[in-house]
Amino acid sequence: MKQRGVTLIEIAAAAMLMTMILGAAAVALSSDTKAAAVMLAPAGAELKVNAALERIATELRMAGEIGEDLDREREFDPGQDAKGNGVLDADWNLADGASNQPNLSFNRRIDLYDEDGNITATGIYSRRVTYLLQGTDFVREWEVTLPSSVVQVRRAVLARGVTGLSFSRTGQLVTVSVTVTVPAPLNGTRTLATQIWLRN
């Protein structure tokens, strides 16, 4: 029985065929990736806004859980009224009945921990936290006290392409409404909203 080897021409032809197949697969994958990016681009802005709305809701619920009245006796005790405003609350800037206000400020409720991760104080109120619109950036600003006792304002952009932001309050119900620009291929705007029930 005669054995036949593979010639150099056959190897070259097979390599060329494999290169063409891999090239075609790469082009198809690339165009699928671009198509997916185009389809997901509008969702990206909305996802960021939704994440920002969730963050606001979480912080407001924590801030309003029991106010500064840690023992819930509705009286000022030593160590309460951390903001010194004479009210046992989280110092909302939204009065009852306020509608379409451009920002929301409050003092965030936090817990303090020691080096071992044990809670040393609870229900303490931080310095001001503010959510606002700067240009088309949906921004969270907060104050921190540095070791040198200097108060510094820090800033984080939560979402871009935001064209409208408003806060309204009816009793203990806060409504946050955000209008975001949706890029191509949809082109337009979408308004996303959430409602948060405050406990104080």
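1. Helices in this note are DSSP runs of type H or I with at least four residues, and they are numbered from the N terminus. In this predicted model, helix α1 covers residues 8-64, and M18 lies within that helix.

2. The overall composition of the protein is one helix and seven strands. Read from the N terminus, the order of the elements is α-β-β-β-β-β-β-β. The protein has 200 residues, of which 30% are buried.

3. The residue M18 deserves a further remark. Its relative accessible area is 46%, and M18 is therefore partly exposed, since that class lies between the limit of 20% for buried residues and the limit of 50% for exposed ones. M18 also contributes to a nonpolar patch on the surface, together with L17, I21 and L22. The area of this patch is about 410 Å².

4. Aromatic contacts form the next topic. Two aromatic pairs are found when the whole structure is searched. In one pair, that of F106 and Y131, the ring centres are 6.4 Å apart and the planes meet at 15°, so the pair is classed as stacked, because planes under 30 degrees apart count as stacked. This pair connects distant parts of the chain: F106 belongs to strand β1 (residues 103-113) and Y131 to strand β2 (residues 119-134), with the two positions 25 residues apart in numbering.

5. Are F106 and Y131 buried or exposed? F106 has a relative accessibility of 0% and so counts as buried. Y131 likewise counts as buried, because its relative accessibility is 0%. The ring pairs extend to F138 as well, and they link F106, Y131 and F138 into a cluster.

6. Which strands form the open sheet, and in what order? The sheet has three strands, arranged as β5-β6-β7, with antiparallel pairing. Strands β5 (162-170) and β7 (188-197) occupy the edges; each has a single partner strand, so one side of each has no neighbour in the sheet. From one strand to the next, the twist averages 15°.

7. In general, the strands of a sheet pair through backbone hydrogen bonds, in either a parallel or an antiparallel manner. Here, β5 pairs with strand β6 (residues 173-182) in the antiparallel sense, over eight bridges. At the level of single residues, T170 has L173 in β6 as its bridge partner.

Methods: Residues are numbered from 1 along each chain as its sequence is written. This is a predicted model: local features need pLDDT of at least 70, side-chain atom pairs count only at pLDDT 80 or more; totals for chains, interfaces and linings use all residues. Side-chain values use heavy atoms; hydrogens and water are left out. Patches are made of residues with over 30% relative accessible area and no salt bridge: like charges are joined within 9 Å, nonpolar side chains (Val, Leu, Ile, Met, Phe, Trp, Tyr) within 5 Å. Accessible areas come from the Shrake-Rupley method with a 1.4 Å probe; for residues, only the protein chains shown count as cover. A salt bridge is a side-chain nitrogen of Lys or Arg within 4 Å of a carboxyl oxygen of Asp or Glu. Buried means under 20% relative accessible area, exposed over 50%, partly exposed in between (1.4 Å probe, protein chains only). Rings of Phe, Tyr and Trp (its six-membered ring) pair if their centres lie within 6.5 Å; planes under 30 degrees apart count as stacked, over 60 as edge-to-face and the rest as tilted. Two strands pair if DSSP finds at least two bridges between them. Axes are lines fitted to C-alpha atoms, for helices over the stretch in contact, and angles run from 0 to 180 degrees between N-to-C directions.
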